[in-house]
Amino acid sequence: MSMATSAGIAAGVLALTFAVRPIEAIDAQQQAAVTPKTPAATDTDWPQWRGPTRDGSVAGALPAQWPEALKKRWEIPVGAGHASPVVSGNRVVVIAREGDEEIVRALDLASGKEIWRAAYRAPYDINPAAWAHGAGPKSTPAIAGGRVFTLGIGGILSAFDLATGSLIWRVPAPAVLPQYGSVTSPLTDGTSVIVHVGGYENGALTSFDAATGKPRWQWNGDGPGSGSPIIATFGGVRQVIAQTQKLLVGLDASTGTLLWQLPFTTDFDQNAFTPIVFQDLLINAGLDAPLTAIRPKLDGGKWNCETVWTNPQTPMFMSSPVLIGGTIYGLTVRSRGQFVAIDATSGKTLWHTQGREGENASMMGSRSWLLASTTDGNLVVARANPQKYDEVRRYQISQSALWAHPAITGSSIIVKDVDKVICWSF
């Protein structure tokens, strides 16, 4: 990929393999003068992939008793794609495709009314192997600091003003894409947004200045996977942890320095799992790869990763689990989809369902409840019970395939199916 570094990058920033020329950048003072006040965020926001803590945990109150039926509040056609909706204040933000354009919309949480839209041309030729999932974007936006960050399926990275939808900066598409398009979701970290840009055999896990789009650091040791990075602290060091095309890596979150790496590959280079953390354990999985807990630690000035346990009976793919108490609840690919509960300390399987739950499930939970939305459009509600599978309700929340992760805010569950955003209340 032949691309130059952005003009004006401060001295000391690593030279970039990729050009990250933010276009249409707006002076911060000018932006402040013309931008309406952004609605205040709330403690029930769902601002990024898998929610506030990026692990499927639901902080808001869920019903003590679930109703016999959910109430549909509104339904809005928005276009194709499986990117999850995100929520900040009274705004629901979603990215989808119509024709050759990707369109980012902000919708009113109460009514579904469109507040603003931002459209841009984004031609994309889908890999035939991924034809069933369509050409729409799959990367979930992130909201932080009054900005919306999106990564289109063709690799266009954009920052929009949350209040108005005005473009703040943009990084153009790379010359080489991942095999199945850009899927990994942006990760915000203070005044930075971290995205694995680039493509097959040629990527760069990069920290961008959230206000300007200028890169702060970059690690270009591998192409992006299809999972999404997280931040966790091991050995007293805050780390960006990500599945890449061929590796599981930990980078220093402040500098991008590679701390440790482990070989990790799956069939067809489909690394599509977002790791979770339990105490000092990092839990990872993949297609036909065992669920595994490792302990990254600094020993004698060197990092090493001890394997604490593996569970080969519960491989997971495109479905990341949720941790409730000391129990991991997830969906294994075995038997066409089994819900499972696994002890996080030992890796022992506690229970599993018979199977045929779905090709994929988005796993969420609170102290009391386990929630799973499945590809056949169901929302399954069960008690968070490590002793047995204890299903309470099963709701039909979509009439088409449901791959996107729902957003839960207040008493609302917001889903993106094949071409619509639907808001349910409980």
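**View 1. The largest cavity has a mixed lining.** Its residues divide into five nonpolar, six polar and one charged. This is a predicted model. The volume of the largest cavity is about 100 Å³. A run of lining residues comprises P178, Q179, Y180, G181, S182 and V183. Y200 also lines the largest cavity, as do P224, G225 and S226. Q245 and D269 complete the lining. In total, the structure holds four cavities of 30 Å³ or more.

**View 2. The largest pocket holds about 730 Å³ of space.** Its lining is made up of 33 residues. Five of them are the closest to the pocket centre: H133, K138, V183, A272 and M318. By class, the lining of the largest pocket has 15 nonpolar residues and 15 polar ones. Three charged residues complete the set. V183 links this view to the one before: V183 is among the residues closest to the centre of the largest pocket, and V183 also lines the largest cavity.

**View 3. Four strands form an open sheet.** The strand order is β6-β7-β8-β9. Pairing within the sheet is antiparallel. The edge strands are β6, residues 142-144, and β9, residues 167-171. Each edge strand pairs on one side only. On average, neighbouring strands of this sheet are turned by 15° against each other, direction ignored.

**View 4. Strands β7 and β8 are joined by five bridges.** Strand β7 covers residues 147-151. Strand β8 covers residues 157-161. The two strands run antiparallel. One facing pair can be picked out here: L151 stands opposite L157 in β8.

**View 5. G134 sits in the loop between β5 and β6.** Strand β5 spans residues 114-121. Is G134 buried, partly exposed or exposed? G134 has a relative accessible area of 24%, so it counts as partly exposed. The cut-offs behind this are under 20% for buried and over 50% for exposed. Leaving aside residues up to four places away in sequence, G134 touches I126 and I153. R97 lies 37 residues from G134 along the chain. The C-alpha atoms of G134 and R97 are separated by 9.7 Å.

Conventions:
Residues are numbered from 1 along each chain as its sequence is written. This is a predicted model: local features need pLDDT of at least 70, side-chain atom pairs count only at pLDDT 80 or more; totals for chains, interfaces and linings use all residues. Side-chain values use heavy atoms; hydrogens and water are left out. On a 1 Å grid over the protein atoms alone, a cavity is a set of points where a 1.4 Å probe fits but cannot get out, and a pocket is an open set with protein on both sides within 12 Å along at least five of seven lines; lining residues have an atom within 4 Å of a point. Grid points are joined across faces, edges and corners, and a volume is the space filled by probe spheres set on the points. Ala, Val, Leu, Ile, Met, Phe, Trp, Tyr, Cys and Pro count as nonpolar, Asp, Glu, Lys and Arg as charged, and the others, Gly among them, as polar. Two strands pair if DSSP finds at least two bridges between them. Axes are lines fitted to C-alpha atoms, for helices over the stretch in contact, and angles run from 0 to 180 degrees between N-to-C directions. Buried means under 20% relative accessible area, exposed over 50%, partly exposed in between (1.4 Å probe, protein chains only). Contact means heavy atoms within 4.5 Å.
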